[in-house]
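Reader: I'd like to go through this model with you before I set anything up. Can you take my questions one at a time?

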Amino acid sequence: MSRQALSTPELRKPAPISGRSRSGLAIMLIGAALLAATMLLGSHIGEYYYLATYTILQFVVLGTAWNILGGYGGYVNFGTAGFFAIGCYTTIVLNKMFPMPLFFEMLIAAATAGVVGFGTGYLTLRLRGVFFSIATLALAIVLQTLIVNWSFVGGARGVYVIRPAISGFFVSYVQFLVVLMVGLAIFAVAVAWAVEKSWIGIGLAAIRDDEAAAETSGVPSLRLKLIATTMSGALMGMAGAPFPYYVTYVDPATAFSLAIAVNAIAMPLVGGTATWWGPVVGAILLGSAQQILTVTISSAANLFIVGVLLVVFVTVAPRGVVGIVRGWKRGRK
Amino acid sequence: MEFSWDLVINAIVTGVVLGGFYASVAIGVTIAFGMLDIVNIAHPAFMIAGAYLAFWGSEKFGFNPFVSMAVFAPCGYLFGRAFYRAYHFFFERRGDESIQGLAFFFGILFIVEIGVVLIFGVDYRSISEPYLESTIGIGFVSVPWRMLVPFLVGLTMLGSINLYLSRTFTGRTILAVSQDVEALRLIGANPIHAKEVAFGIAVATAIIAGVLLIIIQPVEPSITREYIGRAFAICVLGGIASIPGTLVASLILGVAEALTTTFYGPSWSPAVSFGLLLLTLIFRPAGIFGR
Amino acid sequence: MIAKILEATGVTKRFDGFAALTSVDLTLLKGERVGLIGPNGSGKSTFVNCLTGILAPDDGSIIFDGNDITKTPAWLRARRGLARTYQIPRPFRGMTVQENIEVPLRFAVGHTSAGTISEAAQVILDQVGLGEKADLSPKGLTQVELRKLELGRALAAQPKVLIADEVMAGLSESEVDEILALLNRLNAEGISILLIEHIMRAVMLFAQRIVVIVAGSKIADGLPDEVMQQEDVERAYLGE
């Protein structure tokens with residue numbers, strides 16, 4: 001069902017003014033269709049398809065979040081897994097201490113991850129971009145070490161989470177989670193779209209192209225980078241918040257998995273980093289491919305293929321699928 | 001753990017010895033990142049490849065670790081040169097080093113790690129050599145040979161690389177690459193060639209460090225991640241392009257980790273390097289040897 | 001007395017112990033045209049970087065339009081009206097020529113409506129002679145055009161002071177005249193201009209006053225003809 005996004009022609013090129021409302025509308029329509037499909041097909045679809053859809057949607061959110069800073073601003077975050085895990089463990093802690101509806105847990109997770117993103121950015125974004133990248137890598141490992149040594153959340157052994165009861169509105173908790181993820185994916189893509197079209201996106205593009213020239217053109221680069229880092233981190237945290245209920249058992253190795261960091265980078269780069277729909281395309285392509293490969297071959301093999309695709313795309317097609325499509329369209333004219 | 005001076009001194013000695021090994025890991029990052037401005041975060045992946053090559057050599061041909069170094073380090077050197085050419089062709093040449101280049105190395109890191117998992121599985125692998133099991137002891141301080149050998153090899157590596165860079169034409173060209181590429185062209189040196197050779201050396205050091213790693217401890221594929229932190233922490237703390245800085249920073253990290261392990265337990269040790277890295281970036285990005 | 005618009009005092013910058021600038025003073029009056037000259041590597045670009053906030057000086061102060069901006073970030077200096085060009089053109093490569101101009105219009109001037117920004121950008125593009133190239137990528141521009149784009153982007157910030165860092169290097173004589181005419185027009189509109197230039201003919205034609213920096217220190221500051229006759233200036237320029 002998520003393939004709809006791929007074949008919708010309106011999404012191809014958001015023209016400056018007329019396309020603006022059209023893109024927004026497209027995001028809404030696709031989202032509504034997805035929601036309706038999930039609700040209507042509820043009892044007719046096997047649990048496996050829900051789980052697969054959830055995973056793909058989760059990567060739509062993570063890839064989109066990564067792209068706000070990485071794609072628009074050119075600052076590479078290697079620590080997506082760290083922010084994602086902040087979301088997971090926020091839920092776990094809240095669930096143990098003050099049980100509350102998942103929606104509020106997600107908001108608190110977003111705030112926590114956003115603050116960590118802001119802090120990391122504030123401390124390292126004045127330096128050359130690579131130092132920020134290395135610091136994000138460091139951040140993920142420091143956080144993992146903290147969690148491993150924190151027995152309240154299960155330490156290295158991990159922790160079981162019990163799914164709350166669900167109202168009669170939904171067929172199963174997993175269906176509820178998928179609906180929730182559809183909503184979150186729409187929200188994330190809408191945020192990315194709004195950023196891209198606003199002064200923030202234009203400023204970030206200038207920073208990505210040449211930071212010094214951007215500064216001398218009046219672009220407050222540190223401020224914009226901090227906004228982007230905070231938004232990106234918060235969205236990653238939000239993506240992690242429902243995860244404990246999805247898997248029902250979380251250990252640091254899963255929450256901080258390198259696969260999350262690699263996928264969050266590979267999906268925008270494979271799809272194309274310049275537009276909001278690049279990461280969506282990348283997440284759907286890579287996400288579906290991984291679901292199929294995990295079933296047919298093995299999960300290690302599918303991760304291997306993600307790595308290979310990432311390397312192939314950055315070397316041969318640095319503009320991603322978006323770039324290929326645009327080049328192809330230009331070639332036809 | 002209760003405090004005692006015996007423990008402190010033991011930890012410091014262990015830390016210094018460990019630091020010598022860390023220097024062998026970090027020197028390649030100092031060369032690639034510090035001198036050539038190539039953010040090779042895949043360096044620890046090359047190291048883990050070296051460790052598994054030593055394991056494979058030992059299982060298949062009965063190579064001892066030194067034979068492994070002699071056989072695989074030159075392979076690493078040639079591979080590194082070819083690898084740099086590809087990197088130069090795809091990224092440096094077209095000025096796309098930033099996002100795509102970083103992602104490229106991240107992808108390589110991932111491919112190597114998963115590749116090792118696919119070939120060797122996720123179990124710990126080790127090699128055994130009888131003489132490595134014995135220990136040298138002076139008073140209450142004791143150091144096993146499996147630690148001492150990597151320490152000595154690490155120091156030798158740093159010394160020889162330092163000599164090579166300061167005494168040979170190519171070496172000095174490599175040092176100059178980080179300063180002023182235009183000036184190099186004027187004296188007729190080819191910066192691309194120098195970078196290629198230097199990257200080859202960096203990969204060769206990673207292979208050797210990998211062999212040293214499997215002498216010290218059994219290895220498993222995901223070990224790479226800890227070493228990204230260690231290598232870059234050392235490199236940044238040492239002032240990015242300085243060989244003496246690399247050595248001093250390695251020893252500092254080794255001692256800090258050994259003390260942490262002794263008094264707080266080994267589960268905290270990964271946080272030491274990354275914490276040190278974050279603190280350096282925040283307070284002293286030029287490193288301890290910086291101005 | 002005419003008011004000072006830019007006043008740098010004792011600007012000092014060291015790199016790894018190497019003194020790139022030693023206590024350099026420079027004053028620019030409102031509406032003035034000053035030429036800044038010096039051999040390659042004398043510290044001119046470092047000085048410009050300190051003035052515009054790309055580098056932080058180790059010592060000294062910079063007063064702009066009555067405010068101390070020594071610690072002000074570069075983007076805020078641009079917003080207050082201190083614009084520059086880069087010696088080696090640094091366009092935003094992912095944008096079109098017009099979008100390049102729109103960045104300072106949006107961020108330095110503070111326009112928010114897309115219509116206003118687009119109109120203002122076209123006026124500036126016509127002014128620097130890039131009107132026809134608005135929709136091109138900077139990758140398709142010639143060196144001359146790239147320099148014009150640099151100038152256009154600086155102008156778009158509606159500066160009070162324009163620092164033009166070697167905008168004429170490599171241009172033909174008629175192109176130099178073209179740029180000089182443009183700079184004179186801007187000056188007539190009230191913009192003070194600091195021209196960093198190697199082409200002495202251009203500097204002598206343009207500047208009301210010339211400042212000479214050699215090896216990181218100011219060695220001369222005065223009327224063009226007088227400065228050029230100064231012995232140490234001649235030595236620095238013509239060699240021993």
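Author: Let me begin with B:E113, which touches A:L258, B:P221, B:S222, B:T224 and B:R225 when residues up to four places away in sequence are not counted, contact being defined as heavy atoms within 4.5 Å. This is a predicted model, in which local features need pLDDT of at least 70 and side-chain atom pairs count only at pLDDT 80 or more, while totals for chains, interfaces and linings use all residues. Residues are numbered from 1 along each chain as its sequence is written, chains are lettered from A and ligands numbered from 1 in the order in which they are written, and side-chain values use heavy atoms, with hydrogens and water left out.

Reader: Where is B:E113 found, and is B:E113 buried or exposed?

Author: B:E113 is found in helix α4 of chain B, residues 97-120, where helices (H or I, at least four residues) and strands (E, at least two) are DSSP runs numbered from the N terminus. B:E113 is buried, with a relative accessible area of 5%; buried means under 20% relative accessible area, exposed over 50% and partly exposed in between, with a 1.4 Å probe and protein chains only.

Reader: One of those neighbours is in chain A, so to the interface: how many residues of chain A are in contact with chain B?

Author: On the chain A side 41 residues are in contact with 39 residues of chain B. Together the two chains bury about 3700 Å², 84% of it on carbon and sulfur atoms, where buried area is the accessible area (1.4 Å probe) that two parts lose on being put together, summed over both.

Reader: How many salt bridges and polar contacts are there across it?

Author: The rule finds zero salt bridges across the interface of chain A and chain B, a salt bridge being a side-chain nitrogen of Lys or Arg within 4 Å of a carboxyl oxygen of Asp or Glu. Three residue pairs are in polar contact between chain A and chain B, both residues being at pLDDT 80 or more; a polar contact is a pair of N or O atoms within 3.5 Å, and within protein one must be able to donate a hydrogen and the other to accept it, with residues adjacent in sequence counting only if both atoms are side-chain atoms.

Reader: Which helices of chain A supply that side?

Author: The helices α3 (47-73), α5 (102-124), α6 (129-148), α13 (258-271) and α15 (299-316) of chain A each supply at least two residues of the side that touches chain B. The largest share of that side, twelve residues, comes from α6(A).

Reader: And what covers the buried residues of α11(B)?

Author: The cover includes α5 and α6 of chain A, together with α9 (224-237) and α10 (243-264) of chain B. Among the buried residues of α11(B) are B:F274, B:L277, B:L278 and B:L281.

Reader: Changing topic: what is unusual about the phi of B:I240?

Author: The phi of B:I240 is near 70 degrees, a positive value in a residue other than glycine. Most residues other than glycine have a negative phi. B:I240 is found in the loop between α9 and α10 of chain B and counts as buried at 19% relative accessibility. C:Q158 also has a positive phi, near 50 degrees, but C:Q158 lies in the loop between α5 (143-156) and β7 (161-165) of chain C and counts as exposed at 53%.

Reader: Back to charges, how many salt bridges does the structure hold over all chains?

Author: The structure holds 19 salt bridges over all chains. In one of them B:E196 pairs with B:R85, the closest N and O atoms being 3.0 Å apart, and this pair links helix α8 (residues 191-216) with helix α3 (residues 65-92) of chain B, 111 residues apart. B:E196 counts as buried at 7% relative accessibility, whereas B:R85 counts as exposed at 53%.

Reader: Which residues of chain C are linked in a network of salt bridges?

Author: C:E32, C:R209, C:K218 and C:D221 are linked in such a network. Within that network C:D221 forms a salt bridge with C:R209, with the closest N and O atoms 2.8 Å apart; C:D221 is in strand β10 (residues 217-222) and C:R209 in strand β9 (residues 209-214) of chain C. C:D221 is partly exposed, with a relative accessible area of 34%, while C:R209 counts as buried at 15%.
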